[in-house]
Amino acid sequence: MTKAIVQQEKGGTDKLIWQDHTPGSPEQGEVLIRHTAIGVNFIDTYVRSGAYPMMEFPGVIGMEAAGVVEALGDGVTDLNVGQRVAYVMTTPGAYSEKRVVPAERMVPLPDDIDDRTAAALMLKGITAEQLLFSMAPASAGDTVLIHSAAGGVGQLLTTWAKAIGCTVIGTTSTPAKADLIRSLGADHVIVSSKEDVAARVAEITDGKGCASVYDGVGKDTFETSIAAAAKFGRVISFGNASGAVPPINIAVLAPKCLLLARPQMFPYIAERADLLRAADNLFAALRDGKIKADISATYPLAEAARAHDDLEGRKTTGQILLLP
Ligand code: NDP
């Protein structure tokens, strides 16, 4: 018998219960994984609360982890027992000691990428790659606005955009997190609890605004993002940390001829070839020092509720992990 964080119904962190859980045996095309590190993502809070109806209850949340293959189902020929792998999947279930997963979603881990780094970065790093290189390709010389730049995705966007040659303006809620964002190389930091973000962006850019705005905060920042974008700029709304963006009148985009996108990382890596390409790009960026994992806190898997309280309470920075 193994253990997992099992949720009987959607709701608050009190619904995250550490209990016995049978992972089952791998069938055709599946493998049994023993998790060694589990990434905590804001999306896990949406699944837990029911804001994203991606899971039947009772169930186990969690979209990404790293671990070791313990058993192979029939037909699995490209993985071995004992092999280190990592994954990011649309099917929740990662908040568990062991789990049966489809072999075709596993990414073999190179020797120089450790399990914790992989678990911290698969979802957030591939998201950053999608946003900067596919959805709204950033170019050297662009000025970009990154909301909540001290967060998990935010830090990766910041350092990767700097590596591309962008001028980065980051926002955050506290002076302490502002210092962290500066240490990552951001050119300007705006503390949103003390300053008017759109006005500061106008000041910094001589009234021009930003070529791209990367907004994972949602409801609280959407209007600011539109205001901070340059003429012919792009607003990429990719998350709802403060709540969902209410329905909008698309005419708000007209005065500056803005492009608006609401991407999700999962379709980007739906095909195995795209998953492996994105993982290779992520590992290459790590090796080149363009990005790094900033694992600011780890929690025992049994204490997943505490991790969610800290994430939703804006107490975390960078990436956080659960350790089985
Ligand atoms: P973060 O580590 O960035 O944590 C969320 C941060 O959002 C907080 O630290 C806080 O930073 C900021 N924030 C602003 N308002 C609130 C609020 N009301 N409550 C809580 N936090 C708030 O999380 P992740 O890196 O995991 O995710 C960041 C965003 O990206 C999320 O919205 C997530 O859903 C989205 N995302 C989207 C993906 C996609 O495919 N579209 C994939 C991955 C993530 P501060 O205090 O500095 O403002």
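These legends go with views of a predicted protein model.

**View 1. The whole chain holds nine helices and 15 strands.** The radius of gyration is 20 Å, close to the 20 Å that the globule rule gives for 324 residues, so the chain is as compact as a globular protein of that length. Along the principal axes, the C-alpha atoms fill a box of roughly 60 × 40 × 35 Å. Buried residues account for 53% of the 324. Take the contacts between residues at least 6 apart in sequence: 68% of them join residues at least 24 apart.

**View 2. The surface of the protein chain exposes about 13400 Å².** Carbon and sulfur atoms supply 51% of that area. The chain carries 30 positive and 37 negative charges. The mean positions of the two sets are 5 Å apart.

**View 3. V144 sits in strand β8.** The strand covers residues 143–146. V144 has 0% relative accessibility, and buried means under 20%, so V144 counts as buried. Which residues touch V144, leaving aside neighbours within four places in sequence? They are A161, C166, T167, V168, I169, C210, S212 and Y214. One of these partners, A161, is a buried residue of helix α3. Another partner, C210, belongs to strand β11, which spans residues 210–215. R272 makes a useful landmark for scale. It lies 128 residues from V144 along the chain, and their C-alpha atoms are separated by 31 Å.

**View 4. Helix α3 runs over residues 152–164.** How does the span of its 13 residues agree with 1.5 Å a residue? The helix should span 18 Å, and its end C-alpha atoms are 19 Å apart, which agrees. Eleven of the 13 residues are buried, so α3 is largely enclosed by the rest of the structure. Among the buried ones are G152, V153 and G154 at the start of the list, along with W160 and I164. The leucines L156 and L157 are buried too. After α3 comes G165, with a positive phi near 110 degrees.

**View 5. I61 lies in the loop between α1 and β4.** Helix α1 covers residues 42–49, and strand β4 covers 64–72. Is I61 buried or exposed? Its relative accessible area is 1%, so I61 is buried. Beyond its neighbours within four places in sequence, I61 is in contact with several residues, including Q7, L16, M55, Y95 and H308. D44, V47 and R48 are also among its contacts. So is A94. I61 and A94 are 33 residues apart in sequence, yet their C-alpha atoms are 6.2 Å apart in space.

**View 6. A cis peptide bond joins F57 to P58.** Omega for this bond is near -5 degrees. P58 lies in the loop between α1 and β4. I61 is found in that loop as well.

**View 7. D206 and F232 have positive phi values without being glycine.** Phi of D206 is near 55 degrees. D206 lies in the loop between α5 and β11. Helix α5 covers residues 197–204. Exposed means over 50% relative accessible area, and D206 reaches 65%, so D206 counts as exposed. Phi of F232 is about 65 degrees. Where is F232 found? F232 lies in strand β12, residues 229–237. At 60% relative accessibility, F232 counts as exposed.

Notes:
Residues numbered from 1 in each chain as written. Predicted model: local features only at pLDDT ≥ 70, side-chain atom pairs only at ≥ 80, totals over all residues. Heavy atoms only, no water. Helix = DSSP H or I, 4+ residues; strand = E, 2+ residues; numbered from the N terminus. Rg over C-alpha atoms; globule rule 2.2 N^0.38 Å. Buried < 20%, exposed > 50% of the residue type's maximum accessible area, 1.4 Å probe, protein only. Contact = heavy atoms within 4.5 Å. Areas by Shrake-Rupley, 256 points an atom, 1.4 Å probe, with all protein chains shown as cover. Lys, Arg positive; Asp, Glu negative; His and termini not counted. Charge placed at Lys NZ, Arg CZ, Asp CG, Glu CD. Expected span 1.5 Å × (residues − 1).
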